[in-house]
Amino acid sequence: MANPAVDVNESVSQLADTWESIVLDYGAGQIANRNSLAFRWADSKFSFFNCITLMEHLTDIGSLNNCLTSSARYMQERSEPGFLWLFEEMLDPEIRTRIPEAASESGLHVALTGYGMALDEISPDSPSHPDLTFVRVDTDDDLLHYADINSLAYGMPIESGRDGLRDSDLWRNEAYAYLGIYRGEPVSAAASIQINGRLFLALVATRPDMQRRGFGEATVRKALSEGSRATGIKRSVLHATEAGRPVYERIGYRQTSTIRFLTLKN
């Protein structure tokens with residue numbers, strides 16, 4: 001049976017621990033914990049790699065204001081933009097509705113909404129798609145294709161994704177990162193990473209002109225299947241966008257939390 005408090009704590013800790021690996025892999029930025037906040041900031045042009053998250057439960061608006069003000073001040077001192085990942089379930093219900101107002105007063109705004117999700121049992125079935133073959137990422141060219149697919153899918157400049165993933169040992173050697181190949185061209189990407197007894201699903205994307213064909217779902221299933229087969233791990237955690245959530249629900253994930261992604265105004 002799901003336990004909401006346990007699920008959100010798992011989701012937050014998976015974020016902090018996975019992003020610690022990402023920052024170490026990137027080779028720059030900062031890893032720090034202070035004042036209830038975890039700073040996992042690569043200072044990469046790929047803004048998703050620049051992360052702050054709240055690690056402790058807050059019960060009053062004053063504590064929320066302090067969290068937001070500290071995060072805004074930190075972002076203002078960085079050379080690249082990023083996000084405060086604020087899990088609503090880490091806040092008492094009566095202060096959750098005040099996030100937009102409090103964020104604005106601190107110089108932040110809610111850029112997008114996401115969802116923590118968990119899968120209790122990864123399917124043992126071998127994934128397939130009639131129009132796709134799969135390639136595990138292990139070369140520089142593979143990394144660039146993986147980066148470019150993510151940049152295009154999230155509406156970022158091509159150089160952003162390439163800055164985040166170029167020369168990555170994590171994505172080539174530790175993650176179970178796969179490209180979906182359609183008619184000889186990479187069109188989809190997904191990776192599972194072993195973190196504290198879980199497979200964390202990360203950087204899932206499909207090229208915009210190739211979406212709504214089941215390519216992303218098939219590539220996710222491949223990354224999970226190969227990661228689970230290699231590690232024996234059956235549980236997976238991820239953080240989904242609104243657009244991605246239905247795909248993960250079809251695979252069997254359930255929502256465990258709501259995430260507000262806050263960044264600096266302007």
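Contact, as the word is used in these legends, means that heavy atoms lie within 4.5 Å of each other. The structure shown in every view is a predicted model.

**View 1. Helix α5 and the elements that pack against its buried residues**.
Helix α5 covers residues 140-153, which makes 14 residues, and its span from the first C-alpha to the last is 20 Å, close to the 20 Å expected at 1.5 Å a residue. Within α5, the buried residues are Asp142, Leu143, Tyr146, Ala147, Asp148, Ile149, Asn150 and Ser151. These buried residues of α5 pack against the strands β6 (133-136), β7 (176-182), β8 (185-195) and β9, and also against the helices α6 (158-165) and α7 (169-174). Just after α5 comes Gly155, and this glycine takes a positive phi of about 65°.

**View 2. Ile149, a buried residue of helix α5**.
Ile149 has its place in helix α5, and because its relative accessibility is 2%, where buried means under 20%, Ile149 counts as buried. Leaving out residues up to four places away in sequence, Ile149 touches Leu179, Pro186, Val187, Ser188, Ala189, Ala205, Thr206 and Arg207. Another residue to find in this view is Gly161, which is 12 residues from Ile149 along the chain, with 8.5 Å separating the two C-alpha atoms.

**View 3. Val187 in strand β8 and its contacts**.
Val187 belongs to strand β8, and with a relative accessibility of 1% it counts as buried. When neighbours within four places in sequence are set aside, Val187 is in contact with Leu132, Ile149, Gly180, Tyr182, Ala205, Thr206, Arg207, Met210 and Phe215. For one of these partners, Ala205, the distance from Val187 is 8.6 Å from C-alpha to C-alpha, while the two residues are 18 residues apart in sequence.

**View 4. Thr206 in strand β9**.
Is Thr206 in strand β9 buried or exposed? At 11% relative accessibility, Thr206 counts as buried, because the limit for that word is under 20%. The side chain of Thr206 reaches the backbone nitrogen of Gly216, and the distance there is 3.5 Å. Apart from residues up to four places away in sequence, Thr206 touches Ile149, Ala153, Val187, Ser188, Gln211, Phe215 and Gly216.

**View 5. Arg172 and Asp140**.
Arg172 lies in helix α7 and, although its side chain is charged by class, Arg172 is buried, with a relative accessible area of 18%. A polar contact of 2.6 Å joins the side chain of Arg172 to the side chain of Asp140. Not counting residues up to four places away in sequence, Arg172 touches Val137, Asp138, Thr139, Asp140, Leu143 and Asp167.

**View 6. Two residues other than glycine with a positive phi, Leu203 and Arg183**.
Phi of Leu203 is near 50°, a positive value in a residue other than glycine. Leu203 is found in strand β9 and, at 13% relative accessibility, counts as buried. Arg183 also has a positive phi, of about 50°, although it is not a glycine. The place of Arg183 is in the loop between β7 and β8, and at 74% relative accessibility Arg183 counts as exposed.

**View 7. The largest pocket and its lining**.
The largest pocket has a volume of about 860 Å³, and its lining is made up of 37 residues, of which Tyr154, Val204, Thr241, Gly244 and Tyr248 lie nearest the centre. At least two residues of this lining come from each of β5 (108-119), β9 (198-206), α8 (215-231), β10 (236-241) and α9 (245-251). Which element gives the most to the lining of the largest pocket? That element is β9, which contributes seven residues. By class, the lining of the largest pocket divides into 24 nonpolar residues, nine polar residues and four charged residues.

**View 8. Leu24 in helix α1**.
Leu24 has its place in helix α1, which covers residues 4-26, and with a relative accessible area of 59% Leu24 is exposed, since that word is used for values over 50%. The C-alpha atoms of Leu24 and Leu199 are separated by 19 Å, and the two residues are 175 residues apart along the chain.

Key. Residues are numbered from 1 along each chain as its sequence is written. This is a predicted model: local features need pLDDT of at least 70, side-chain atom pairs count only at pLDDT 80 or more; totals for chains, interfaces and linings use all residues. Side-chain values use heavy atoms; hydrogens and water are left out. On a 1 Å grid over the protein atoms alone, a cavity is a set of points where a 1.4 Å probe fits but cannot get out, and a pocket is an open set with protein on both sides within 12 Å along at least five of seven lines; lining residues have an atom within 4 Å of a point. Grid points are joined across faces, edges and corners, and a volume is the space filled by probe spheres set on the points. Helices (H or I, at least four residues) and strands (E, at least two) are DSSP runs, numbered from the N terminus. Buried means under 20% relative accessible area, exposed over 50%, partly exposed in between (1.4 Å probe, protein chains only). A polar contact is a pair of N or O atoms within 3.5 Å; within protein, one must be able to donate a hydrogen and the other to accept it, and residues adjacent in sequence count only if both atoms are side-chain atoms. The expected span of a helix is 1.5 Å times one less than its number of residues.
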